[in-house]
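Grab a pencil and work through these exercises with the model open beside you. Try each task before you read its solution.

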Amino acid sequence: MGSQSRRPTRVPLLTALHKALLLSWARQHYHWTVDDWKHVTWSDESRFQLYRTDARVRQENATLHTSRVATKWLQEHSSDFRHFHWPPKSPEMNIIEDIRDSLLHAVEKRSPPPRTPMDLLTDLQDSWCEFPPGYLLTPVESKPHRFASLLRARGGSTRY
């Protein structure tokens, strides 16, 4: 009897198929340079709530999580971009995860905390503008290391 508690898993649960897809994808893009990655437009749809921070990855090619807004925008601008296939359950390879976490942390540190949806939007925009110059380069520059880590893990979870 009694209750049990456990910490939620911080990495996606990967099946053998997920690992195989990730490994294949990593092998196809391992040779890319930092300059190649600088030409990728990263997308993510996050949900921000006032009283409980909750963000979810949406544009990662998992059918359930494909963002209608991002998909529509990509379709409307398809002549400007080439769609980049991204395997499902690969958040550690998407640098937007790190950027979103930093943005959430910056908003959570604000005093007073946002009380209305407009306050939240303003704090998110202000926090974004307060990122130091060059901040977004660091996650992009980590891409070669992320791929090496993914290859070492044979498509399994990595520390990223």
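Two aromatic rings of Phe, Tyr or Trp count as a pair if their centres lie within 6.5 Å, with the six-membered ring used for Trp. Keep in mind that the model is predicted.

**Exercise 1. Find the aromatic cluster and look at one of its pairs.**

Step 1. With that cut-off, the count comes to five aromatic pairs.

Step 2. Take Trp 32 and Trp 37: their ring centres are 4.6 Å apart and their planes make an angle of 45°. Planes under 30 degrees apart would be stacked and over 60 edge-to-face, so an angle in between is called tilted. That's the label for Trp 32 with Trp 37.

Step 3. Now link up the rings: Trp 25, Trp 32, Trp 37 and Phe 147 make one aromatic cluster.

Step 4. Are Trp 32 and Trp 37 buried or exposed? Buried means under 20% relative accessible area. Trp 32 has 17%, so it's buried. Trp 37 has 1%, so it's buried too.

Step 5. Check what sits over the ring of Trp 37. Lys 143 lies over its face, at 4.6 Å from the ring centre.

**Exercise 2. Work out which face of helix α1 is buried, and check the helix's length.**

Step 1. Start with the length. Helix α1 has 14 residues, and at 1.5 Å a residue they should span 20 Å. The C-alpha atoms at its ends are 20 Å apart, so the two values agree.

Step 2. List the buried residues of α1: His 18, Leu 22, Leu 23, Trp 25, Ala 26 and His 29. Looking down the axis of α1, you'll find them within an arc of 165°, so they line one face of the helix.

Step 3. Turn to the other side of α1, where Ala 16, Leu 17 and Arg 27 are exposed.

Step 4. What do the buried residues of α1 pack against? Their partners are α2 (34–37) and α7 (143–152).

**Exercise 3. Describe the surroundings of Leu 21.**

Step 1. Place the residue: Leu 21 is in helix α1, which covers residues 16–29.

Step 2. Classify it. Its relative accessibility is 38%, so Leu 21 counts as partly exposed.

Step 3. Look for contacts, leaving out residues up to four places away in sequence: Leu 21 touches Pro 87 and Pro 88.

Step 4. Compare sequence with space. Leu 21 and Pro 87 are 66 residues apart in the chain, yet their C-alpha atoms are 6.4 Å apart.

**Exercise 4. Spot two backbone oddities.**

Step 1. Here's the background: most peptide bonds are trans, and most residues other than glycine have a negative phi.

Step 2. Go to Ser 111 and Pro 112, which are joined by a cis peptide bond with omega at about 0°. Pro 112 sits in the loop between α4 (96–109) and α5 (117–129).

Step 3. Next, check Arg 154: its phi is positive, near 55°. Arg 154 belongs to the segment after α7. With 65% relative accessibility, it counts as exposed.

**Exercise 5. Sum up the whole protein.**

Step 1. How many helices and strands are there? Seven helices and zero strands, giving the pattern α-α-α-α-α-α-α along the sequence.

Step 2. Of the protein's 160 residues, 34% count as buried.

Step 3. Take the contacts between residues at least 6 apart in sequence: 68% of them join residues at least 24 apart.

Step 4. Finish with the surface: the protein exposes about 11200 Å², and carbon and sulfur atoms supply 54% of that.

Key: Residues are numbered from 1 along each chain as its sequence is written. This is a predicted model: local features need pLDDT of at least 70, side-chain atom pairs count only at pLDDT 80 or more; totals for chains, interfaces and linings use all residues. Side-chain values use heavy atoms; hydrogens and water are left out. Helices (H or I, at least four residues) and strands (E, at least two) are DSSP runs, numbered from the N terminus. Buried means under 20% relative accessible area, exposed over 50%, partly exposed in between (1.4 Å probe, protein chains only). Contact means heavy atoms within 4.5 Å. The expected span of a helix is 1.5 Å times one less than its number of residues. The arc is that of the directions from the helix axis to the C-beta atoms. Accessible areas come from the Shrake-Rupley method with a 1.4 Å probe; for residues, only the protein chains shown count as cover. A charge sits over a ring if NZ of Lys or CZ of Arg is within 6 Å of the ring centre and within 35 degrees of the ring normal.
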